[in-house]
Amino acid sequence: MARYAYGLTLPDIREDLRLSALVLGLVASATFAGYLAGLLLAGRLAARRGSPLAAGRARRRQRAGPAALRGR
């Protein structure tokens, strides 16, 4: 949520730090690029290893052993 608050705090940041519009734009662009890289990486990791939810279900089934196969 912090990346959405950037626009709301922008006037104060600009005034307090005396930054130009160019610098503020570069900061916002770098933030977006980092967020995008994180999304792409997370998507690839989830596709390769599966989601944590699916992994948790598989572990529970493995612990249950034969009882899981009988349907309890």
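How much of the area that the protein chain exposes do carbon and sulfur atoms supply? They supply 62% of about 6400 Å² (Shrake-Rupley method, 1.4 Å probe). This is a predicted model, in which local features need pLDDT of at least 70, side-chain atom pairs count only at pLDDT 80 or more, and totals for chains, interfaces and linings use all residues. Residues are numbered from 1 along each chain as its sequence is written, and side-chain values use heavy atoms, leaving out hydrogens and water.

**Confidence**
- The mean pLDDT (the predictor's confidence in each residue, from 0 to 100) of the protein chain is 76, with 64% of its residues at 70 or more.
- Among the elements, helix α2 (residues 21-49) has the highest mean pLDDT, 84, and helix α4 (residues 66-70) the lowest, 56.
- Where pLDDT is low, please do not read the predicted coordinates in detail.

**Fold and burial**
- The protein chain has four helices and zero strands (DSSP runs numbered from the N terminus: H or I of at least four residues for helices, E of at least two for strands).
- Of its 72 residues, 3% count as buried (under 20% relative accessible area, with exposed over 50% and partly exposed in between; 1.4 Å probe, protein chains only).

**Residues to look at**
- Phe 32 sits in helix α2 and counts as exposed because its relative accessibility is 54%.
- Arg 18, in the loop between α1 (2-17) and α2, has a positive phi of about 55° although it is not a glycine.
- Most residues other than glycine have a negative phi.
- Arg 18 also counts as exposed, at 74% relative accessibility.
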